[in-house]
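Biologist: I would like a close look at one part of this protein, taken slowly. Please go through it residue by residue.

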Amino acid sequence: MIPQKSIKKSVLTFVLLSATLTVFAQRNDLKLWYDKPSGRVWEKAMPIGNGRLAGMVYGNPEQETIQLNEATLWSGGPVRMDSHTALAALPQVRKLIFENKRAEAAQLAKQIKPDGFTGMSYQPVGNLYLSFPGHDHYENYYRELDLKTAVATTTYTVNGVTYKREVFSSTPDQVIIVHLTADKPGSLTFSTSLYSPQKSTITTKDKNELVLSGISGTTHGINGQDKFQSLVKVKLDGGEVAASDTSINVTKANSVTLFISMATSFVKYDDISADESLRANNYLDKAWPKPYEQLLNNHIAAYQKYFNRVKLDLGTSDSVKNTTDRRIDGFAGGNDPQLVELYFQFGRYLLIASSQPGGQPANLQGIWNNKMSPPWNSSFTININTEMNYWPAEETNLAEMHEPYVQMVKDLSVTGQGTAKTMYGVGGWVAHHNTDIWRINGPVNDIYSGLWPSGGVWLSTQLWDRYMYSGDKAYLKSVYSALRGAAQFYLEFMIEEPEHHWLVISPSLSPENGPAAYFEEAKDRNGKAIHKGLSIDYGVTMDNQLAFDIFSEVIDAAKILNIDKEFADKLIAARKRLPPMQIGQYSQLQEWLHDLDSPTDHNRHVSHLYGLYPSNQISPYRTPELFDAARTSLIYRTDVSTGWSMGWKVNLWARLLDGNHAFKLIQNQLTPTGKNKGSANSGGGTYPNLFDAHPPFQIDGNFGCAAGITEMLMQSADGALNLLPAIPDAWQDGAISGLRARGGFEIVSMKWKGGKLSELKIKSTVGGNCRLRVPNSIKLQGGVLKTAKGANPNFFYKNETTAKPIISEKAQLKAPGEKPTLLYDFTTQAGKTYTLTGI
């Protein structure tokens, strides 16, 4: 028998341990934290940003490195690169494609898209170094990025003195702040210096300021024209400061605050006339008089205005006691639901940090880049990646972060008019698969990926989707010209194909993929001969889906704004002549107009599934055959892929109402890069700092997965507000608050137990019918729920009728297999909140 005293001691120990773990979990629930410095590994550093100024904080004790970016520092300068030989070649290219002479068509199409040009590159300003003599021997090391405050902190002890560094990028004060303290007065002795890979000079001013002046780099023979200046000014409490030619030296200070100001000469895509020095000094002069606590409080208040809108709770486990990199390593085989919450909120953090009103949109790496020639130029890749960056903007309550994207599309709708006329002889505007800060619209890279004239259309569909969340007619009026221009380009560029007399886009391609049946000799990046698919085609499925969407959206927009009826009538007529989606011999949704798909095609792009997500043309309730075919196509593509592709697949499996499969994709994505196996694209995953790995780093996977987690909990694209549509077994209990849905509805709070909805508070900002699709019976406090029948009368939940698909006689289709749900309606008034509970 165990002595009573031992039992009491064991119980006490257990209680204390449980309490300690609970406190620890609460302290670290929204923190990335580590017990080792980053060393020289950029993908271990902590990202900070304010939409314009960005830093990567390494947290190295002896020599701290903060890698610096300014969002408008790009190589080259204002440039147009539209092909002036395209228009003459266009008729013959189309003729060859219609005759199935794709190799000849691709060769001639080089006159439409000359090889070589890849656009300009987003480039770094440089590095800030803080050198602390004798800090190579340290203990009690800890560093974190606190998502609740957007502050990166490093602490460690040297010779009994505890040192602390706090770093943040302030939106209201437009500077990066580095605050250094020690728990013993007079302990801060260090030197600080700057480095830049750009053509630049570094000087000191007075005795406490560093000045870095330079100009951006040259790309493809286009000289760098974007001038920049970075200032670092040091403010001391105690101690002494002195300057050498290129460094500032601090001795025996109690605390130190460094103010980092950066600016460029960029004004807009065709104007680089600003005085970068005046700008940088103005930012610095305004921030300098403010004490550190005021700077910190200003920063946190501005950040939390956005971040605090949404909260997610999926439960927790003992895994929270582990460092973030260890949690990533163990996630796929362990029990760590809180890491999903952390990853979701990290995605929201990155969007706030990289995309602010009045600035540039998040690029391929958001706002963080340390290379002069980054992968894919760290540009705006608009055949999936830029769009994916903004998938979480509306639904995770970060609508303001969408504004730079909207402005970029407006810019492109202006610059793209010349491209449409010069290259294709039509009106409206066009953009291909890539653009940059100079708002180029013509095709870049090779024919295989570059000759896709639908980038502007895809971008524009998200302008419409933004309206569907808010119902703001003033906003819709402001973007109508861009929407109309994208539709006009498609309308005038379309041509009748010879077999069925459908209207199709030609030439085009399914982004970065080609049928296995067609190959050409090509070379990889190292000059090695390879077989590469011929992608050039007409009437590809994604183009047809995009045409259906943009035509439908402009038809509706014209009606809402009571304008442009004649043009809308033309779109209605053209929409009737679009090719329907087709189901091929392998029971798959065809990617191309003809049945050319291969079940062994594991390409990272799943462009033909656009109709499932982010569009709503494919539904288990309205188009069951297409739903099953889309599912089959996704199974053929396999799960493991590049990081961003897995992020897209989380959304797709959520739309397929398969929560467990969506969760499996999250497990794949939250796996250390290089650890995933079983696919040609098996290197994808996550870096130690939670950055998404293509590899290399691409931020779109972070944003895509954040959107996918939301889609698992709430969907509003298929005629109803669908709650808990794809809950996995691992998330049977949970809560979320702050999500936004189409039609101006906001989930004030939602709780579920055992996979069933238990409590819901929903606010209506627009009014109108609220149709809920839920997994269990619910009741409305103070009101009556009606069983929903027929089409939803709420315009924002209207679904256009998808054409009946053409189905191969070889296809073997299955029922959708969706779980039973209940459908309720109730009327709402703008500004009111409604409470519902599970029965």
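Biologist: Is Asp556 buried or exposed? Please start from that residue and its salt bridge, then set the pair against the rest of the chain.

Modeller: Asp556 is buried, with a relative accessible area of 11%. Bear in mind throughout that this is a predicted model. The cut-off for a buried residue is under 20% relative accessible area, so the 11% of Asp556 falls within that class.

The partner of Asp556 is Lys798, and their side chains meet in a salt bridge with N and O 2.8 Å apart. This pair links distant parts of the chain, since 242 residues separate the two in sequence. Asp556 belongs to helix 14, which covers residues 541-561. Lys798 sits in the loop between strand 35 (786-787) and strand 36 (806-807). Unlike buried Asp556, Lys798 counts as partly exposed, at 35% relative accessibility.

Another pair can be set beside this one. Arg655 and Glu711 form a salt bridge whose closest N and O atoms are 2.9 Å apart. Here too distant parts of the chain are linked: Arg655 is in helix 17 (residues 643-655) and Glu711 is in helix 19 (residues 700-713), 56 residues apart. Both ends of this bridge are covered, Arg655 being buried at 7% relative accessible area and Glu711 buried at 2%. To return to the starting point, salt bridges that share partners join Asp556, Arg575, Lys798 and Glu800 into one network.

A further pair is Glu99 and Lys95, where the closest N and O atoms of the salt bridge are 2.6 Å apart. Glu99 is partly exposed, with a relative accessible area of 35%, and Lys95 is partly exposed as well, at 41%.

These pairs belong to a wider set, as a search of the whole structure finds 33 salt bridges. The protein chain carries 84 positive and 81 negative charges, and the mean positions of the two groups are 4 Å apart.

As for the surroundings, 63% of the 839 residues count as buried, Asp556 being one of the buried residues. The secondary structure comes to 19 helices and 38 strands. Among contacts between residues at least 6 apart in sequence, 70% join residues at least 24 apart. The radius of gyration is 28 Å, which agrees with the value near 28 Å for a compact globule with 839 residues. Along the principal axes, the C-alpha atoms fill a box of roughly 80 × 80 × 55 Å. The accessible surface comes to about 30,300 Å², and 52% of that belongs to carbon and sulfur atoms.

Conventions: Residues numbered from 1 in each chain as written. Heavy atoms only, no water. Helix = DSSP H or I, 4+ residues; strand = E, 2+ residues; numbered from the N terminus. Rg over C-alpha atoms; globule rule 2.2 N^0.38 Å. Buried < 20%, exposed > 50% of the residue type's maximum accessible area, 1.4 Å probe, protein only. Contact = heavy atoms within 4.5 Å. Areas by Shrake-Rupley, 256 points an atom, 1.4 Å probe, with all protein chains shown as cover. Lys, Arg positive; Asp, Glu negative; His and termini not counted. Charge placed at Lys NZ, Arg CZ, Asp CG, Glu CD. Salt bridge = Lys/Arg side-chain N within 4 Å of Asp/Glu carboxyl O.
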